[in-house]
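Colleague: Could you take a close look at one part of this model for me, the place where the ligand sits, and then work outwards from there?

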Amino acid sequence: MSILVLGDQLTRRHGPVAHRPDERILLIESKAFAQRLPYHPHKLTLVFGAMRAYRDSLREDGRDVVYITASSFSDGLSTYFERYRDDELVMMRPISAGADSKFQHLVEEAGGSLTIVDNELFLCSREQFLTWAEGRSQPYRQEQFYRFMRRETGYLMDGDEPVGGQWNYDERNRAVPEEGYEPPAPPRYEPDEQTVELFEWVTEEFADGYEEKPYGGDWADPGPFRWPVTREQALDALDDFVENRLPQFGPYQDAMVGDEWAMHHSLLSATLNLGLLHPGEVVEAVIEAYESNPDVPIESAEGFVRQVIGWREFLRGVYTETMPQLARANQLDATADLPDWYWTGDTQMACLSAVIDGVRERGYSHHIERLMVLSNFALIYGVEPAQLNRWFHAAYVDAFHWVTTPNVMEMGLYAAGAFATKPYASSANYIDKMSDYCAGCPYDKNKTTGSDACPFNALYWDFLARNEDTLRSNHRMGLMYSHVENRDLDAIERRVSAIREQSSAGRL
Ligand code: SF4
């Protein structure tokens, strides 16, 4: 028997690689994977670079590793089984919907057999999630799941009660820094020769590799590659976060500062999603810092623990239970095309231009920019949810289908009602409160109509008006709708028509 390891399962401490130290390990680097979407070159460099570094570290320790580069996964399996006839493979359960049966089929077609075992890269098993979800109807409540996970894991618990007496300290986590504030510089991991060559290769190889032009893999504007690709670098990134950015992580977690893309965020999402770090060790490092370092307040520790065991585990569970419907959901019947400038950053709107430029440069922006700038605009503009989902999936280094689908379709665009209880729609008000973008924007954040009015404002009122039948009865939307009556909806409609025309013409 040999162990099949996928590119998002790069752990040596969990799963068959850990439990079967004498078995051969198979990794397949599939070119077809890279051609499915116009992925950011940093994303491809990161996934393939981490796979190659994983291979090298296993070989250094004497493990027998077969590493195949192939045009497709099935070609790679055929090559493998020509050499190791009738071998049996074992792998951890893939997370993507439908992937179990797809891999079973591919392996059998290539002449082998496959056993799938539990995926140990999460804290909540599928059975645990099902137990929690049993008897509950959608929308699932994340807060209830989070408390369940706190009790199950014992993280930040004092007996049956949460440490500090509260489950959630969000009211302390909405600070915006003073002008000129400089957070600690985020680490950058200088790529080794192998990764540099890989980056050059993917940039060249996949620039035109995506059929659905106009935007192939050359839409990005990649800066220097910076992400951890080895376990050692991943551990260093964890230490760096805990030591330097965790203390202020909580208070500044929703703040957006134009020149500070990382702020106090952990930047560990890609590393976690590749399997280089386990969520348990990340959460435990944060709790240990909270217990030993008086500079780490409970709101920072709890806010981070919630992101990992409350949100990450929850979204994976919801994804598993609601696919394939979730990926096709569109309960608001949104049909607009994703504006072309999501790929180019070519817009005068200061918030969107800055965030998209950052994504083009490094394949990353933090969660509140994803939710309240990128997704919020697409929501109120009425973008078809699947189009934004594909954009996030292609553009972000930490994006996998199971990550973006619940985040984008549901949190961002309120497409399904699987767990979101209201749409996260907002006017310029929120962006102005939580960022410094509006101060440098040619649009007027206080105006709703007129050619210099912030597009978020008219789109926001228009969104509420055109979705009134679906949303007005939602008790969480009552306050928003109480303000719609006072608006000049005809003037707003005219402004929205102009916004759509300008957006299509690339002049917004
Ligand atoms: Fe964004 Fe509007 Fe503020 Fe400009 S004024 S930065 S478009 S929210």
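Modeller: By class, the shell around the ligand holds 11 nonpolar residues, no polar ones and 1 charged; here Ala, Val, Leu, Ile, Met, Phe, Trp, Tyr, Cys and Pro count as nonpolar, Asp, Glu, Lys and Arg as charged, and the others, Gly among them, as polar. Bear in mind that this is a predicted model, where local features need pLDDT of at least 70 and side-chain atom pairs count only at pLDDT 80 or more, while totals for chains, interfaces and linings use all residues. Residues are numbered from 1 along each chain as its sequence is written, and side-chain values use heavy atoms, with hydrogens and water left out.

So who is in that shell? Met349, Ala350, Cys351, Ala428, Ile431, Tyr437, Cys438, Cys441, Tyr443, Lys445, Cys454 and Phe456 surround the ligand, where being near takes a heavy atom within 4 Å. At least two of these shell residues come from each of α15 (350-362) and α19 (428-434). Helices (H or I, at least four residues) and strands (E, at least two) are DSSP runs, numbered from the N terminus.

The ligand sits in the largest cavity, in the sense that more than half of its atoms lie within 2 Å of the grid points. On a 1 Å grid over the protein atoms alone, a cavity is a set of points where a 1.4 Å probe fits but cannot get out; a pocket is an open set with protein on both sides within 12 Å along at least five of seven lines, and lining residues have an atom within 4 Å of a point. The largest cavity holds about 100 Å³ of space, the volume being what probe spheres set on the points fill, with points joined across faces, edges and corners. Its lining is made of 13 residues, and Cys351, Cys438, Cys441, Cys454 and Phe456 lie nearest the centre. α15 and α19 turn up again here, along with α20 (455-466), each giving at least two lining residues. The class split of that lining is 12 nonpolar, no polar and 1 charged. In total, 5 cavities reach 30 Å³ or more.

Moving outwards, the second largest pocket has a volume of about 780 Å³. It is lined by 33 residues, with Phe33, Arg36, Tyr39, Ser96 and Lys102 closest to its centre. That lining splits into 19 nonpolar, 8 polar and 6 charged residues. At least two lining residues each come from β2, α2 (31-35), α3 (41-60), α5 (99-109), α17 (385-395) and α18 (401-412).

β2 leads us to the sheet. Its 5 strands run in the order β3-β2-β1-β4-β5, open and with parallel pairing; two strands pair if DSSP finds at least two bridges between them. β3 (65-70) and β5 (113-117) are at the edges with a single partner strand each, so one side of each has no neighbour in the sheet. Strand β2 (residues 24-30) pairs with β3 over 6 bridges in the parallel sense, and leucine 26 stands opposite valine 66 in β3.

Last, some backbone details. A cis peptide bond with omega of about 0 degrees joins glutamine 138 and proline 139, and proline 139 lies in the loop between α6 (126-133) and α7 (142-153). Another cis peptide bond, with omega of about 5 degrees, links methionine 323 to proline 324.
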